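Here's a set of exercises to work through with the structure open beside you. Try each task before you read the solution under it.

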Amino acid sequence: ATNLIVPGNYMFPQDNPIYLNQGWNFVAYLRLESAPVDAVFESLNNNGSLVIVKDDFGFVYLPDLSFDAIGDLLPGKAYQVKTNHEDILHYLSNDEDY
């Protein structure tokens, strides 16, 4: 095991929308607290853009099948996200709950 320290400024989630291309994207989870994957990606799912979310273990969230093997998104992690078309992921601020 090893630690990687990356210096820099914290990116407040509400101030940093993530622009998604059609197809596969690599998305950082910017919030300080975990949140349910279905709640975080609800707007992308509602407009039909979201196809699948995968974590680093290969667990998936498939909204069309109502299948969630991820559970909560975790601070400091990133996820693979596949979309049907370009879209924007907006996170709530750390002061708000999903």
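**Exercise 1. A tyrosine and its surroundings**

In which strand does tyrosine 61 lie? Place the residue, then decide whether tyrosine 61 is buried or exposed.

Step 1. Keep in mind that you're looking at a predicted model. Tyrosine 61 lies in strand E5.

Step 2. Now check accessibility. The relative accessible area of tyrosine 61 is 6%, and the cut-off for buried is under 20%, so tyrosine 61 is buried.

Step 3. List the contacts, skipping residues up to four places away in sequence. Tyrosine 61 touches Val37, Asp38, Asn45, Leu50, Val51, Ile52, Val53, Phe67, Asp68 and Ile70.

Step 4. Add a distance. Tyrosine 61 and phenylalanine 41 are 20 residues apart in sequence, and their C-alpha atoms are 9.9 Å apart in space.

**Exercise 2. The nonpolar core**

Find out how many residues the largest nonpolar core has, and then pick out the contacts of valine 53.

Step 1. The largest nonpolar core has 19 residues. Those with the most contacts inside this core are Val40, Phe41, Val53, Leu73, Leu89 and Tyr91.

Step 2. Which elements each supply at least two residues of this core? They are strand E1 (18-20), helix H1 (37-40), strand E4 (50-54) and strand E8 (78-83).

Step 3. Zoom in on valine 53. Leaving aside neighbours within four places in sequence, valine 53 is in contact with Val37, Phe41, Phe59, Val60, Tyr61, Ile70, Tyr79, Gln80 and Val81.

Step 4. For background, nonpolar side chains tend to be buried together in soluble globular proteins.

**Exercise 3. The salt bridge**

Work out which side chains meet in a salt bridge and where they sit in the chain.

Step 1. The count comes to 1 salt bridge. Its partners are aspartate 56 and lysine 77, with 2.8 Å from N to O.

Step 2. Aspartate 56 is in the loop between E4 and strand E5 (60-62), while lysine 77 is in the loop between strand E7 (72-73) and E8. The pair is 21 residues apart and links distant parts of the chain.

Step 3. Compare each value with the cut-offs. Aspartate 56 has a relative accessible area of 53%, so it counts as exposed. Lysine 77 comes in at 23%, so this residue counts as partly exposed.

**Exercise 4. Three serines, three loops**

Locate serine 49, serine 34 and serine 66, and sort each one as buried, partly exposed or exposed.

Step 1. Start with serine 49, in the loop between helix H2 (42-46) and E4. Its relative accessibility is 0%, so serine 49 is buried. Beyond four places in sequence, serine 49 is in contact with Leu44, Lys82, Thr83, Asn84, His85 and Asp87.

Step 2. Serine 34 belongs to the loop between strand E2 (23-28) and strand E3 (35-36). At 35% relative accessibility, serine 34 counts as partly exposed. With residues up to four places away left out, serine 34 touches Tyr29, Asp72, Leu73, Leu74 and Pro75.

Step 3. Serine 66 is in the loop between E5 and strand E6 (67-68). With a relative accessible area of 68%, serine 66 is exposed.

Step 4. Take a look at the backbone too. Serine 66 has a positive phi of about 50 degrees although it is not a glycine. Most residues other than glycine have a negative phi.

**Exercise 5. Glutamine 22 and its partners**

Say which loop holds glutamine 22 and what glutamine 22 touches.

Step 1. Glutamine 22 is found in the loop between E1 and E2, and at 58% relative accessibility glutamine 22 counts as exposed.

Step 2. Not counting residues up to four places away in sequence, glutamine 22 touches Thr83, Asn84, His85 and Glu86.

**Exercise 6. The largest pocket**

Describe the space in the largest pocket and its lining by class.

Step 1. About 260 Å³ of space lies in the largest pocket.

Step 2. The lining is made up of Val6, Pro7, Gly8, Asn9, Tyr10, Met11, Tyr29, Leu30, Arg31, Leu32, Pro75 and Gly76.

Step 3. Sorted by class, that lining has 8 nonpolar, 3 polar and 1 charged residues.

Key: Residues are numbered from 1 along each chain as its sequence is written. This is a predicted model: local features need pLDDT of at least 70, side-chain atom pairs count only at pLDDT 80 or more; totals for chains, interfaces and linings use all residues. Side-chain values use heavy atoms; hydrogens and water are left out. On a 1 Å grid over the protein atoms alone, a cavity is a set of points where a 1.4 Å probe fits but cannot get out, and a pocket is an open set with protein on both sides within 12 Å along at least five of seven lines; lining residues have an atom within 4 Å of a point. Grid points are joined across faces, edges and corners, and a volume is the space filled by probe spheres set on the points. Ala, Val, Leu, Ile, Met, Phe, Trp, Tyr, Cys and Pro count as nonpolar, Asp, Glu, Lys and Arg as charged, and the others, Gly among them, as polar. A nonpolar core is a set of buried Ala, Val, Leu, Ile, Met, Phe, Trp, Tyr and Cys residues joined through side-chain atoms within 4.5 Å. Buried means under 20% relative accessible area, exposed over 50%, partly exposed in between (1.4 Å probe, protein chains only). Helices (H or I, at least four residues) and strands (E, at least two) are DSSP runs, numbered from the N terminus. Contact means heavy atoms within 4.5 Å. A salt bridge is a side-chain nitrogen of Lys or Arg within 4 Å of a carboxyl oxygen of Asp or Glu.
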